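Me: I'd like a close look at one part of this model, a helix and the aromatic rings around it. Could you walk me through that, and then add a few words on the pocket?

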Amino acid sequence: MASGTFLGFDVGTKLIGVAIGSSLAGTARPLATLSVGERGMDWSKIDALLKEWQPTALVVGLPLALDGGEQAMTRTATQFAEELARRSGLMVHRIDERNSSREASQRFAKRRAEGSVRRKQAAGIDAIAATVILDRWFDQQSHPTAEGSE
């Protein structure tokens with residue numbers, strides 16, 4: 001795995017969570033939650049993040065069905081990943097994101113219990129889900145026998 005900064009994306013129909021992480025540390029943190037309008041993604045927001053953070057590569061979560069098959073959102077995330085690769089010129093890795101939203105909710109609840117976030121910050125849960133996705137990808141890179149990365 002190349003060392004450097006990575007951006008992770010949790011793609012939804014209304015919001016896209018974004019996380020940032022370092023391959024050297026092998027950890028990620030929430031960065032932003034971007035709104036998807038009626039006309040689709042405002043790519044200028046993503047272009048601005050790419051320019052500001054200058055990542056080495058990108059990671060997009062693939063929302064697979066529980067049986068591992070594709071569903072409508074899988075195709076949406078795949079199209080997003082393809083457009084992201086085209087626009088950025090960077091390698092875009094894809095990873096199975098099953099149960100990432102549940103894990104993100106658990107992380108948020110834990111941070112809330114610790115007093116580090118408030119309920120009104122729950123909109124950032126999509127960025128936390130992107131953090132889960134990027135953390136999983138880093139983990140798979142450090143354990144190459146793991147499945148689900150592309």
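Reply: Here is the helix, then its ring contacts, then the pocket. Keep in mind that this is a predicted model.

The helix is α4, covering residues 125-142. With 18 residues at 1.5 Å each, α4 should span 26 Å, and its end C-alpha atoms are indeed 26 Å apart, so the expected and modelled lengths agree. As for its surroundings, 13 of those 18 residues are buried, so α4 is largely enclosed by the rest of the structure.

Now the rings. The structure has 5 aromatic pairs. Take Phe6 and Trp137: their ring centres sit 5.2 Å apart with the planes at 40 degrees, and since stacked needs under 30 and edge-to-face over 60, this pair counts as tilted. Phe6 belongs to strand β1 (residues 5-11) and Trp137 to α4, so the contact ties together parts 131 residues apart in sequence. Both Phe6 and Trp137 are buried. Phe138 joins in as well: ring pairs link Phe6, Trp137 and Phe138 into a cluster.

On to the largest pocket, which holds about 180 Å³ of space. Its lining includes Val11, Gly12, Thr13 and Ile16, along with Trp43 and Phe80. Helix α2 (72-88) and strand β4 (40-41) each give at least two lining residues, and α2 has the largest share, with 3. By type, the lining splits into 6 nonpolar and 5 polar residues, with no charged ones.

Notes. Residues numbered from 1 in each chain as written. Predicted model: local features only at pLDDT ≥ 70, side-chain atom pairs only at ≥ 80, totals over all residues. Heavy atoms only, no water. 1 Å grid on protein atoms, 1.4 Å probe; cavity = no way out; pocket = protein on both sides within 12 Å on 5 of 7 lines; lining within 4 Å. Points joined across faces, edges and corners; volume = space filled by probe spheres on them. Helix = DSSP H or I, 4+ residues; strand = E, 2+ residues; numbered from the N terminus. Nonpolar A, V, L, I, M, F, W, Y, C, P; charged D, E, K, R; others polar. Expected span 1.5 Å × (residues − 1). Buried < 20%, exposed > 50% of the residue type's maximum accessible area, 1.4 Å probe, protein only. Phe/Tyr/Trp six-rings, centres within 6.5 Å; stacked < 30°, edge-to-face > 60°.
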